[in-house]
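Please look over the sequence and the model shown here. A short report on selected features comes after them.

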Amino acid sequence: SIRSGLHLSARLPDSNPHKPYGGVQEIIDTIAASVTYANVSEEEAVNNEFAGTKQPKISLKDYLFRLVRYLDKWFYDTPGVKGVGFRSVLMTLVYLNRVKKEKSFQVTHYNVHRLWAVCMLLGAKFSEDYIIANNYWAEVAGISINELNELESRFCTYMSFNLYVSEDEIYEQYLKHAEI
């Protein structure tokens, strides 16, 4: 059985032929525009343990939609799984809010893409019975498998391995970013 997917999927948007991803693109636009970045020096930003050596050229909005598209593609043929990529976006928002609040974690232009990639992977792994392969996800995310494994381990430690997100928390994030 799917841990959080079946009941929640009924409340999240679904794709339709006239509006790809059923409005998910608009919500991703809103989410990407609402990300706040810490006001730190470039040296501080690069020295963050989740940071890359340079800012990615792809916009966060385009990167998020890429992650959603390929996560959904991975699960496309899996019976009963619907909207896993979008659900992982919403779980990521919960995860990032937790670490920012509890650990004084700073999101920067140097770490935001890696954080989203790792959090979406963890959200999918936690909420689905069908586990996505890290080698596939590393390729989608544009980082090496070794780096993804290290980031995944670090983030789980940051979260004290508490990856549970209730359906209500996910739906709250949806309502916060959807124009209903």
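This report covers one pocket and two helices of a predicted model.

## The second largest pocket

The second largest pocket holds about 250 Å³ of space. One part of its lining is made up of Thr53, Lys54, Pro56, Lys57, Ile58 and Tyr63, and the lining also includes His113, Arg114, Ala141, Gly142 and Ile143. Sorted by class, the lining residues are five nonpolar, three polar and three charged.

## Helix 7

Helix 7 spans residues 134-141, and its buried residues are Asn134, Trp137, Ala138, Val140 and Ala141. These residues cover an arc of only 165° around the axis, so they sit on the same side of helix 7. On the face turned away from that buried side are Asn135 and Glu139, which are exposed.

Two residues link this part of the chain to the pocket described above. Ala141 is buried in helix 7, and Ala141 also lines the second largest pocket. Gly142 follows helix 7 and has a positive phi, near 80°; Gly142 is another of the residues lining the pocket.

## Helix 9

Helix 9 runs over residues 167-177. Which of its residues are buried? They are Ile170, Gln173, Tyr174 and His177. Viewed down the axis of helix 9, these buried residues fall within an arc of 100°, and therefore they line one face of the helix.

The face of helix 9 turned away from the buried side carries Asp168, Glu172 and Lys176, and these residues are exposed.

Technical notes
Residues are numbered from 1 along each chain as its sequence is written. This is a predicted model: local features need pLDDT of at least 70, side-chain atom pairs count only at pLDDT 80 or more; totals for chains, interfaces and linings use all residues. Side-chain values use heavy atoms; hydrogens and water are left out. On a 1 Å grid over the protein atoms alone, a cavity is a set of points where a 1.4 Å probe fits but cannot get out, and a pocket is an open set with protein on both sides within 12 Å along at least five of seven lines; lining residues have an atom within 4 Å of a point. Grid points are joined across faces, edges and corners, and a volume is the space filled by probe spheres set on the points. Ala, Val, Leu, Ile, Met, Phe, Trp, Tyr, Cys and Pro count as nonpolar, Asp, Glu, Lys and Arg as charged, and the others, Gly among them, as polar. Buried means under 20% relative accessible area, exposed over 50%, partly exposed in between (1.4 Å probe, protein chains only). Helices (H or I, at least four residues) and strands (E, at least two) are DSSP runs, numbered from the N terminus. The arc is that of the directions from the helix axis to the C-beta atoms.
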